[in-house]
Amino acid sequence: GLEAAARDARYAFLEQVAERYSARYVATGHTRDDQVETILHRIVRGTGLRGLAGMPRARSLNASVTLIRPLLAFGRDELRAYLEAIQQTYRHDATNDEARFTRNRLRNELLPLLRRDYNERVDEALWRLGEMGSEVGELVERQLADLRPTLSIERSGNRVTLSCDLLHRQAPFLVRELLRALWQEQGWPEQAMGRAQWESLAHLALSTAAGTLTLPGGVRAQKKGGQLVLARPSSE
């Protein structure tokens, strides 16, 4: 959608500027309110456990530039009050008020409704949920770090070959997370990969029978002889 395209364009621009000036970090002004809105957005749209973590405090843009969010622990009102106290002007993006964007409706319509009619501390509840999601994510990362050295994983361009012999000892959830990690490392589009697609892919990886699966983004998964091959045409 338009919002996703604009976000990608912003980060691409910031990455280019950081590289131009040899900057190691790009800092954004995301606040606790932004995190709460992100978590609620993912719940409404549908997300897995790790998606509940919301935005990470830091992530790599590339090998040399890291994106950091140093203000995630602070509320939007706190920052405005601070800026006013030091007489620092700030900009308000008028597009944040437009109801045509889902996130704006969550911010301006749904969250106020939840606070008024359901739970006046819903922001705090969503924030705690995000913190627990982050803890689950860290646990999964540690388990994946222990699992991956035991597996044979080969890469060649847009092709990944995974030996599945040892996967039968693992929980299906961890298998799905492993496949998701391999997918992300290839830089393949993930937006259209819902729970049903990840479950189908994990089922294929764990199956003792040969099979083929066509997935979003033009990715083709083939299981044969104990190996799962994921391949995406370079033209996609």
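Colleague: How far apart are Glu 177 and Arg 180 in helix 6?

Modeller: In this predicted model, Glu 177 and Arg 180 are three residues apart in helix 6, which spans residues 172-186, and this spacing amounts to about one helical turn.

Colleague: What do the side chains of Glu 177 and Arg 180 form?

Modeller: The general idea comes before the case. Side chains of opposite charge can pair when their charged atoms come close. Here Glu 177 and Arg 180 form a salt bridge, and their closest N and O atoms lie 3.6 Å apart.

Colleague: Is Glu 177 buried or exposed, and how should one decide?

Modeller: One compares the relative accessible area with a cut-off, and under 20% means buried. Glu 177 has a relative accessibility of 5%, so this residue counts as buried. Its partner, Arg 180, has a relative accessible area of 22% and is therefore partly exposed.

Colleague: Where do Arg 195 and Glu 199 lie?

Modeller: They lie in helix 7, residues 195-206, at a spacing of four residues, again about one helical turn. Arg 195 and Glu 199 form a salt bridge, with 2.8 Å between the closest N and O atoms. Arg 195 counts as exposed because its relative accessibility is 56%, and exposed means over 50%. Glu 199, at 33%, is partly exposed.

Colleague: Which helix holds both Arg 128 and Glu 124?

Modeller: Both belong to helix 5, residues 122-147, where they sit four residues apart, or about one turn of the helix. Their side chains meet in a salt bridge with an N to O distance of 3.0 Å. Arg 128 has a relative accessibility of 45% and counts as partly exposed. Glu 124 is also partly exposed, with a value of 33%.

Colleague: How many salt bridges does the count come to?

Modeller: The count comes to 17 salt bridges. A charged residue may also belong to a network, and one such network of salt bridges links Asp 34, Glu 37, Arg 76, Arg 103 and Arg 107.

Colleague: Which residues does Asn 96 touch, not counting residues up to four places away in sequence?

Modeller: Asn 96 touches Asn 104, Arg 107 and Asn 108 under that restriction; Arg 107 was named above as a member of the salt-bridge network. Asn 96 is found in the loop between helix 3 (76-85) and helix 4 (102-117). The C-alpha atoms of Asn 96 and Asn 108 are 9.0 Å apart, although 12 residues separate the two along the chain. Asn 96 has a relative accessibility of 28%, so this residue counts as partly exposed.

Colleague: Which residues gather in a patch of positive charge on the surface?

Modeller: The patch gathers Arg 7, Arg 10, Arg 45 and Arg 59. Of these, Arg 7 has its place in helix 1, residues 2-20. A relative accessible area of 36% makes Arg 7 partly exposed.

Colleague: What does the secondary structure of the protein come to?

Modeller: It comes to seven helices and eight strands. Along the principal axes, the C-alpha atoms fill a box of roughly 65 × 50 × 35 Å.

Colleague: How should one read the totals for burial, surface and charge?

Modeller: Each total describes the protein as a whole. Of its 236 residues, 33% are buried. The protein exposes about 14,500 Å², and carbon and sulfur atoms supply 50% of that area. There are 34 positive and 30 negative charges, and their mean positions are 5 Å apart.

Methods. Residues are numbered from 1 along each chain as its sequence is written. This is a predicted model: local features need pLDDT of at least 70, side-chain atom pairs count only at pLDDT 80 or more; totals for chains, interfaces and linings use all residues. Side-chain values use heavy atoms; hydrogens and water are left out. Patches are made of residues with over 30% relative accessible area and no salt bridge: like charges are joined within 9 Å, nonpolar side chains (Val, Leu, Ile, Met, Phe, Trp, Tyr) within 5 Å. Accessible areas come from the Shrake-Rupley method with a 1.4 Å probe; for residues, only the protein chains shown count as cover. A salt bridge is a side-chain nitrogen of Lys or Arg within 4 Å of a carboxyl oxygen of Asp or Glu. Lys and Arg count as positive and Asp and Glu as negative; His and the chain ends are not counted. The place of a charge is taken as NZ of Lys, CZ of Arg, CG of Asp or CD of Glu. Helices (H or I, at least four residues) and strands (E, at least two) are DSSP runs, numbered from the N terminus. Buried means under 20% relative accessible area, exposed over 50%, partly exposed in between (1.4 Å probe, protein chains only). Contact means heavy atoms within 4.5 Å.
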